[in-house]
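Student: I have a new structure open and would like to learn how to read it. Could you walk me through it, feature by feature?

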Amino acid sequence: MDKPSYVYVTYILTTPEKVWEAITDADVSARFWHRANVSDWQVGSTWEHKFPGKPADLVGKVLEAAPPHRLVMTWAGPAHVDNPDRVSVVAFDIRQMGEKVRVTMTHSELTPPGLKDVSEAWPAVLSNMKTLLETGGVIPDAFGGIHG
């Protein structure tokens with residue numbers, strides 16, 4: 001049986017380079033995600049998703065990196081990174097469309113509980129990224145009520 005996927009598409013008044021930076025720069029990602037994405041973003045490298053001063057709560061490997069248009073990485077809790085049944089895949093496709101950028105995020109190979117979690121979290125994450133890139137600020141309490 002195939003594992004489910006979750007796809008989210010948004011349009012942002014910015015450039016592909018700024019979207020790429022928002023996803024891959026530790027300082028920028030920490031502003032809208034409240035966690036830093038840390039890696040050198042080379043294919044085969046590890047990445048970590050971490051709160052400042054704490055261990056990573058998500059980890060993975062970079063599977064594809066074609067700046068500023070496509071990034072694909074595995075996604076797992078640190079305790080599950082070696083369990084293929086618990087590792088999912090996140091892909092960002094970034095495409096210029098006139099003055100706006102279309103960002104398509106596909107989170108695949110999900111478990112049913114994982115699908116519920118990501119369907120609540122990704123809209124908040126990507127809406128907050130959009131707000132940051134378009135206004136320079138973030139949504140107050142963007143993650144309030146998510147996951148519990």
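Student: Which residues of α3 are buried?

Tutor: Keep in mind that this is a predicted model. Buried means under 20% relative accessible area. In α3, that group consists of G114, V118, A121, W122, A124, V125, L126, N128, M129 and L132.

Student: And what covers the buried residues of α3?

Tutor: To answer that, look for neighbours in contact. The cover includes three strands at the end of the chain's strand numbering, β5, β6 and β7, together with β1 and the helices α1 and α2.

Student: How do I check whether the length of α3 agrees with its number of residues?

Tutor: Use the rise of 1.5 Å a residue: the 24 residues of α3 should span 34 Å, and the end C-alpha atoms are 35 Å apart, so the two agree. The helix still has a bend of about 30°, located at V118. Just after α3 comes G136, with a positive phi near 85°.

Student: Let me turn to the sheet. What is the order of its strands?

Tutor: Read the order by stepping from each strand to its pairing partner. Here seven strands make an open sheet, in the order β1-β7-β6-β5-β4-β3-β2, and the pairing is antiparallel. At the edges are β1 (6-12) and β2 (36-38), each of which pairs on one side only. From one strand to the next, the twist averages 25°.

Student: How many bridges join the paired strands β6 and β7?

Tutor: Count the bridges for each pair. There are nine between β6 and β7, which run antiparallel. One of the matched positions is M97, whose bridge partner in β7 is K100. The two strands form a hairpin with two residues between them, and G98 in that turn has a positive phi of about 70°.

Student: What about the other pairs?

Tutor: β1 and β7 are antiparallel too, with seven bridges, and Y8 stands opposite M105 in β7. β5 (residues 70-75) pairs with β6 (residues 88-97) over six bridges, again in the antiparallel sense. In that pair, W75 faces S88 of β6.

Student: How do the helices sit against these strands?

Tutor: For each helix, ask which strands it touches and what angle its direction makes with one of them. Helix α1 (residues 16-24) lies across β1, β2, β4 (56-66), β5, β6 and β7 (100-108), at about 155° to β6. Helix α3 (residues 112-135) packs on the sheet as well, touching β1, β5, β6 and β7, and its direction makes about 10° with that of β1.

Student: Can we look at one residue within a strand? Is A91 buried or exposed?

Tutor: A handy idea for strands is that, in a regular one, the side chains alternate between the two faces of the sheet. A91 is in strand β6, and its relative accessibility of 9% means that A91 counts as buried. Leaving out residues up to four places away in sequence, A91 touches R70, L71, V72, T104, M105 and T106.

Student: How many salt bridges does the structure hold?

Tutor: There are six. For each one, ask where the two partners lie along the chain. Take D57 and R35, whose side chains meet at 2.7 Å, N to O. D57 is in strand β4 and R35 is in the loop between α2 (26-33) and β2, so this pair ties together parts 22 residues apart in sequence. D57 is partly exposed, at 27% relative accessibility.

Student: Which residue forms a salt bridge with D93?

Tutor: R70 does, with 2.7 Å between the closest N and O atoms. D93 lies in strand β6 and R70 in strand β5, so the link ties together parts 23 residues apart in sequence. D93 is partly exposed, with a relative accessible area of 27%, and R70 is partly exposed with a value of 27%.

Student: Where do K130 and E134 lie?

Tutor: Both are in helix α3, four residues apart, which is about one turn of the helix. Their salt bridge has its closest N and O atoms 2.9 Å apart. K130 is partly exposed at 24% relative accessibility, and E134 is partly exposed at 34%. Finally, salt bridges with shared partners join E64, R70 and D93 into one network.

Technical notes
Residues numbered from 1 in each chain as written. Predicted model: local features only at pLDDT ≥ 70, side-chain atom pairs only at ≥ 80, totals over all residues. Heavy atoms only, no water. Pairing = 2+ DSSP bridges. Axes fitted to C-alpha atoms, helices over the stretch in contact; angles between N-to-C directions. Contact = heavy atoms within 4.5 Å. Salt bridge = Lys/Arg side-chain N within 4 Å of Asp/Glu carboxyl O. Buried < 20%, exposed > 50% of the residue type's maximum accessible area, 1.4 Å probe, protein only. Expected span 1.5 Å × (residues − 1). Bend = angle between axes of the 7 residues up to and from the residue.
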